[in-house]
Amino acid sequence: MDSGNGHHGPVMRNIGLIGGMSWESSAEYYRLLNEETRRRLGGHHCARSLLLTVDFAEIEALQRAGDWETAGRLLAEAAGTLERAGAEMVLLCTNTMHLVAGVIEAGIGVPFIHIVDSTAERITAAGLTTVGLLGTRFTMEMDFYRSRMREHGLEVLVPAEPDRTLVHDVIYRELTQGRVEDSSRTAYRRIIADLAERGAQGVILGCTEITLLVGPQDSPVPVFDSTRIHVEHALDLALSTPVAR
């Protein structure tokens, strides 16, 4: 470990984080980013980063209204603000809003690290081909997540109704409100077990809040925490040789 005496350690590129969806999950991103940086670099190292927090109430209202265009514009503006402030790559600290990833990516000149690509690469490296997915209703039901997984050669299974509603409601009514309930953990465990029975070789925790409720100990098959994987992938890139612009 370096003591800070004249040793600067590796050059780390500045990571821009679009947060606030919800702030609980953004705090998790920030914590994981810095813990992983310290684990890799030792000493007093922190991740060079910029965090911009949007107002989730505004985004959540647009989600409910299905106004993804306005939501995309808001998040693309946030990404542009981060880039102008010195971010050398951008992470969107939520799974659901990757629905508008294309708009965000088009609006910046620095790399956008897509959570589905990060997660899919990790799953493929583990040799799996079929995975279960837990997330918001939007993530589980709309095609943006599953079709991008399919591009990586992965088959994605989602819970049947009424379990999708239960998974979604727990996220919005409890986890994004800072509540973690034992009854919800029990229900999630049952849903994960069902996915495994249907052939899921692993399960993606495809919503940044879900990790506040369940983890590897709650699943009969390997769990892929998209938040942690996203952070680790971003750090791989931030600490590697400069990414091509």
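Let me start with helix α1, residues 23-41, which in this predicted model lies across the strands β1, β2 and β3 and runs at about 160° to β1. A second helix, α10, made of residues 226-239, lies across β1 and β3, and its direction is at about 180° to β3.

Now to the strands themselves, which you can follow on the structure above. β1, β2 and β3 form an open sheet whose order is β2-β1-β3, and the pairing in this sheet is parallel. The edge strands, each of them pairing on one side only, are β2, at 49-53, and β3, at 89-92. On average, and with direction ignored, neighbouring strands of the sheet are turned by 20° against each other. If we look at one of these pairs in detail, β1, which covers residues 15-19, is joined to β3 in the parallel sense over four bridges, and leucine 17 has leucine 91 in β3 as its bridge partner.

Let me move on to a pair of helices. Two packed helices are described by the angle between their axes and by the distance between those axes. For α8, residues 163-174, and α9, residues 182-197, the axes come within 11 Å and cross at roughly 145°, and this crossing of α8 and α9 is left-handed. Which residues make the contact? From α8 they are Asp163, Leu166, Val167, Val170, Ile171 and Glu174, while α9 brings Ser184, Ala187, Tyr188, Arg190, Ile191 and Asp194. Sorted by character, the residues in this contact of α8 with α9 comprise seven nonpolar, four charged and one polar.

How values were computed:
Residues numbered from 1 in each chain as written. Predicted model: local features only at pLDDT ≥ 70, side-chain atom pairs only at ≥ 80, totals over all residues. Heavy atoms only, no water. Pairing = 2+ DSSP bridges. Helix = DSSP H or I, 4+ residues; strand = E, 2+ residues; numbered from the N terminus. Axes fitted to C-alpha atoms, helices over the stretch in contact; angles between N-to-C directions. Contact = heavy atoms within 4.5 Å. Left-handed = near helix turned anticlockwise from the far one by under 90°. Nonpolar A, V, L, I, M, F, W, Y, C, P; charged D, E, K, R; others polar.
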